[in-house]
Amino acid sequence: MDTQKLAKMLKALSHPNRLELYLEIARKHEASFKTGCDCFVSDIIGSLNIGAPTISHHLKELANAGLIVTERKGKFLVARVNEKAVEEVSKVLAFPHSSV
């Protein structure tokens, strides 16, 4: 992973509301493995103290950074953690002596 990509991801997570949103998506993503249900953004909106337009903006920033993937299912928006990106970031942060 190059440093520009890593910096973009970390910058996206540096905003408190975006970090909170990302963590909520991650929790719902994890729960979806157990329940078989998708993580609908409409479900997340109710659990955060952020308006829908602001959430939409933050989702776009997280997606542009490669941290999440979104898709439409009918009139609903589904968000998932980009597991490949998380693995790459984890490897870089776990081994700071390795090349980026």
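Which exposed residues does the face of α4 turned away from its buried side carry? Here are a few notes to help you find your way to that helix and around it.

1. Please keep in mind that this is a predicted model. The protein chain holds five helices and two strands. Starting at the N terminus, you will meet them in the order α-α-α-α-β-β-α.

2. A word on the chain as a whole: it has 100 residues, and 29% of them count as buried. About 6,400 Å² of the protein chain is exposed, with carbon and sulfur atoms supplying 56% of that area.

3. Contacts are worth a look too. Among those in the protein chain with a separation of 6 or more, 61% join residues 24 or more positions apart.

4. Now to helix α4, which covers residues 52-64. With 13 residues at 1.5 Å a residue, α4 should span 18 Å, and its end C-alpha atoms are indeed 18 Å apart, so the two values agree.

5. The buried residues of α4 are I55, H58, L59 and L62. Viewed down the axis of α4, they fall within an arc of 105 degrees, which means that they line one face of the helix. The background is simple: an α-helix has 3.6 residues a turn, so residues three or four places apart point the same way.

6. That brings us back to the opening question. P53 and K60 are the exposed residues on the face of α4 turned away from its buried side.

7. Finally, follow the chain just past the end of α4, where G66 takes a positive phi of about 85 degrees.

Conventions:
Residues numbered from 1 in each chain as written. Predicted model: local features only at pLDDT ≥ 70, side-chain atom pairs only at ≥ 80, totals over all residues. Heavy atoms only, no water. Helix = DSSP H or I, 4+ residues; strand = E, 2+ residues; numbered from the N terminus. Buried < 20%, exposed > 50% of the residue type's maximum accessible area, 1.4 Å probe, protein only. Contact = heavy atoms within 4.5 Å. Areas by Shrake-Rupley, 256 points an atom, 1.4 Å probe, with all protein chains shown as cover. Expected span 1.5 Å × (residues − 1). Arc of directions from axis to C-beta.
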